[in-house]
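Colleague: Hi, could you walk me through this one? I have a few quick questions.

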Amino acid sequence: MSISQASVGSGALSHVYIHHPALRCNIPESRGLFYDDANRLLICTTSSQVFSWETSPFNPDVPPSVDSINEGPILSIRFSLDKKAIAVQRSDCEVQLFNRETKKILNHKCKAGSESILGFFWSDSPLCDLAIVKTSGMDLFACDSMLNSLRLVETKKANVNWYTYTHETRLVLLASGLQCKTFNGFQLSTAGVVRLPRFEMTMARSESNSKPILSAGDLHLVTVYGRIYCLQVDREAMLLHLYRFYRDAVVQQGSLPIYSSKLSVNVVDNLLLVHQIDAKVVIIYDLFVDSRAPVSAPLPLLWRGYQGSDTSSQAANKEIESSESSTSNENIVMYEDGWTFLVPDLILDQTNKVLWKIHLDLEAISASSSDRTSLLEFLQRRKLEANKAKQLCLGIARATILERRPATQVTQAIDVLVTAYSYSVKAGTYKEIKNEKATASTPTAGASPDNERHRPSGSNIDEDVEMNLSSGSKENMFCADEQQESQLSSPAVSPDELYKFVFASVEEMMVEESEYLVAIITEFLRSISAEKLKVDLNIYVMTIRLLAYSKRFAELSLFTTNKIIEPSKEVAFQLLESGRQNQNIKVRKLGLDMLRQLSLHHDYISSLVQDGYYLEALRYAQKHKVTSVRSSLFLEAAFASNDLQHLAAILRVLSELIPGFKETSEYYTFYGLLNDTSSSVAV
C-alpha cells in the first residue's frame, strides 16, 4: 500500500501512531483474514490455501508461508504451537485438523442440535494440547504431532454463551447467564489447569435498559507489568472496569471513564491504550501508578511514514493526515468499522487487508509533561525503546539543572534515576548499551513463537510472590506471560553516565553558579551512598574544582575530612593543583595528607620535592624505605631552585644515606655543578 500521495497534516500532534509501511495481504481471491495470537501469525485463506506471515518481529516485507487445505468454509483457523498442524473450524459442530507434513486430516464433531462449537485454541498445558469451547462447556484434548488420534482428557461443564481467550494470559473466560455477566475462568499453562472462583461483573442499569447484556466485544484480557487484567466496558455507566486476577479471587481494581460508546484497547510497553473510537482519540494509562489519571492528554492516532524520495530526518518523521488519509489506490479511514484491535499492539484492517503495528512517541509524551519527577519514573519503566528512554532521562536531568530549578526538584529527579539504576542492577536487568544504534526491542534467543512449546510458560501461578512488585509482597496471583519483558537493555542511567552526560556537560555553563551545582552534586553523592553504589572519581574532582573556584575552602576541608569526597589519588592531585592555583597552603596540605594516608609514597615524596621540602622528602623516603624514588629527583629539583645551599645539603644527606653514593656519576655531576657555580660553598 502506498501513502506517498497523502497530504501532511500541519501541526498535528500524537503520542501514539502507526507507521508506514504496513504488512499487507496481496492475495487474490482471499476469503478472510485471521490472527493467530499464540504464534503471532497473520493468516489469509482462499478456497484451498492458507497464507501465513510472521508478525514478530514486525517486518512488512516478510514473505508468507503457504499451505494447502481442503475446500470448505473457515470460521476460525489456528496453527498448533509447534506449527506442525493447522486446526480449522468448519462449522458450529466441526473442527478439522491438518498435518502440514503428511497432509493427514483428522475430524472432530460435536453432537449436532444439542450443542455447538463456539471456538478453540491450542494449549501448552501438560494436560492437553487443544481446547474446544462449546455451549455445554469446554473439552480438553490431547493429540500427537502426527494427528493419529484426538483423545478427550477432561470436560469442564458449564452453560456458555460466549468466551474470550488470549494466549498471552493463557486465560479463558466462559460467559453465562441471561446478561452474560457470570464467568467461569480457567488458566491453561505449563503449570497445569487452574480454575478461578466463579465471579460476576458489574453492570449499571438504566430506565430504558434494566437488564443490559454483556457481549464478547465488551471484554478485553490484557497483561500489564506481568499482571493479568480483564477490562469490561460498561456503556450505561460510561466506565471501563478493571478486574485483577489472583489465584483465589478476582478483584475489581477501579474504573476508568470512557467518552465513546465504541472503544477498544491495546497494550504497548506495559501502557494501556484506550481507543475512544467515536471521538477518534487515544488515552494512555499507566496502571503501575496508583492514580488513574491519564499519562497525557487525549490525542488522535496518526499515521507516520516517508514522504516520496525525501529521506531527510524531517521528512522521515512527518505525520500523515490526522483523521482520514486518501491514497491513489484506496481510501483509508481512521477507526473505520473494518478495524480489529489485537492485543497487545496490532491493528488488523479487514477492509484494506493490512496489519499495522502501534508505536509510542516517547519524545512527544515527554514534551507534554510538566512534572519532571513523574516523567522520569514513567520513562524508567519503558523497555521497548530503552535507549531512547535513557537519552530522554539524561536530557531532562541536564535541562532541570540548566533551568536552575529548585534544588529539591533536581534532587528528586536524581533520586529517581539513582534508585531505578540500583534496582535494575540488583534485578540483573541493567546492561549498558555499547552501540547506540542497537535497538532495545531485539528479541532474546528462544523467544520466538517456534519455541513456545519448548520453553517454560510465563503464565504459571506464583503462590507466594507477586510479579513486578517488591519481593516482600506475599499476595497470591496469576503471573502472566513475560516473554515481552525480556529486552536487550534497560533505560536505567548509571552514576558514570550521570557524571559524563549531565554534570560534566553543564559544569562550564554553571561555573559562575558553582554553589548551586555543588549542592546538587552533594545530594547526588548522598543518594549514591544510600544505595551503596560506586561513583566516578571525576565527580569528586569536579566538586573540588567548583569549591576552589568559588573560594569555599572551609567547605572543601569539611567535604574532605568528613569523606563526603572519598580519598583517591585523583582527588589528592586535584587538591594539590587547586591549592597551588589559589596559593592556599591548607588545601595543598589536604592533598599531601591524602597521599600519605593512601600510602602513595612515591607521589607524596614527589609532591614534597615539588614544593621545595627536599630534606623532609628524603627523611620520609628513608623512614618508609622508598626505593622507587631516584636520587636525581632531589638533586635536579634543588639545582633548578638556584638555591646552592639546598643542593649542598642534599648531596651531603644522600652521601650519608646511600653507601657508595660518592662514587656515582650523579654525585660527580652535581658536585661539579656546585663547584662551578660557587666555590664558596663547602660540601
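Below, we go through the model topic by topic.

Colleague: Before anything else, what kind of model is this?

Modeller: It is a predicted model.

Colleague: Fine. How many helices and strands are in the protein chain?

Modeller: The protein chain has 16 helices and 35 strands.

Colleague: And what share of the residues is buried?

Modeller: Buried residues come to 52% of the 683 in the protein chain. As for contacts with a separation of 6 or more, 53% are between residues 24 or more positions apart.

Colleague: Let's go inside, then. Which residues touch the most other members of the largest nonpolar core?

Modeller: That core has 97 residues, and the ones touching the most other members are Leu301, Trp339, Leu379, Ile401, Phe503, Phe524 and Ile539. Helix α7 (residues 514-530) supplies the largest share of this core, with eight residues.

Colleague: Where is the rest of the nonpolar packing, say a second core?

Modeller: There is a second, separate core of 18 residues, with Tyr229, Leu240, Ile258 and Leu263 among them. As general background, nonpolar side chains tend to be buried together in soluble globular proteins.

Colleague: Back to Leu379 for a moment. What is Leu379 in contact with?

Modeller: Setting aside neighbours within four places in sequence, Leu379 contacts Leu362, Ser366, Ala389, Leu392, Cys393, Ile396 and Pro491. Leu379 is also one of the buried residues of α3.

Colleague: Oh, nice. Is helix α3 largely enclosed or exposed?

Modeller: Helix α3 (residues 372-380) is largely enclosed by the rest of the structure, because seven of its nine residues are buried. Those are Arg372, Thr373, Leu375, Leu376, Phe378, Leu379 and Gln380.

Colleague: What covers the buried residues of α3?

Modeller: The cover includes β25 (271-276), α2 (362-367), α4 (386-402) and α5 (407-427).

Colleague: Changing topic: how many disulfides does a search of the whole structure find?

Modeller: The search finds zero disulfides. Cys25, for instance, is in none, and its nearest cysteine sulfur, in Cys44, is 3.3 Å away. The cut-off for a disulfide is sulfur atoms within 2.5 Å. Cys25 counts as buried, at 3% relative accessibility.

Colleague: And why is Cys110 not bonded to Cys93?

Modeller: The closest cysteine sulfur to that of Cys110 is in Cys93, but at 5.4 Å it is too far for a bond. Cys110 also counts as buried, with 11% relative accessibility.

Colleague: Helix pairs next. How do α13 and α14 cross?

Modeller: The axes of α13 (residues 614-623) and α14 (residues 631-640) come within 11 Å and cross at roughly 175°. The two helices are therefore roughly antiparallel to each other.

Colleague: Which residues make the contact?

Modeller: On α13 they are Tyr614, Ala617 and Leu618, and on α14 they are Phe634, Ala637 and Ala638. By type, the contact of α13 with α14 has six nonpolar residues, no polar and no charged.

Colleague: What about the loop between α13 and α14, and where does Val626 come in?

Modeller: Val626 sits in that loop and counts as buried, at 14% relative accessibility. Leaving out residues up to four places away in sequence, Val626 touches His601, Ile605 and Ala621. His601 is 25 residues from Val626 along the chain, with their C-alpha atoms separated by 7.0 Å.

Colleague: Now the backbone oddities. Is the peptide bond from Ser56 to Pro57 cis or trans?

Modeller: It is cis, with omega near 0°. Pro57 is in the loop between β5 (49-54) and β6 (65-68). The peptide bond from Val343 to Pro344 is also cis, with omega near 15°. Pro344 is in the loop between β31 (339-342) and β32 (346-349).

Colleague: Last one: what is phi of Lys532?

Modeller: Lys532 is not a glycine, yet its phi is positive, about 55°. Lys532 lies in the loop between α7 and α8 (537-549) and counts as exposed, at 78% relative accessibility. Lys551 has a positive phi too, near 60°. Its place is the loop between α8 and α9 (553-561), and at 53% relative accessibility Lys551 counts as exposed.

Colleague: Great, thanks for the tour!

Definitions and conventions. Residues numbered from 1 in each chain as written. Predicted model: local features only at pLDDT ≥ 70, side-chain atom pairs only at ≥ 80, totals over all residues. Heavy atoms only, no water. Core = buried A, V, L, I, M, F, W, Y, C linked by side-chain atoms within 4.5 Å. Buried < 20%, exposed > 50% of the residue type's maximum accessible area, 1.4 Å probe, protein only. Helix = DSSP H or I, 4+ residues; strand = E, 2+ residues; numbered from the N terminus. Contact = heavy atoms within 4.5 Å. Axes fitted to C-alpha atoms, helices over the stretch in contact; angles between N-to-C directions. Parallel < 35°, antiparallel > 145°, perpendicular 65-115°, else oblique. Nonpolar A, V, L, I, M, F, W, Y, C, P; charged D, E, K, R; others polar.
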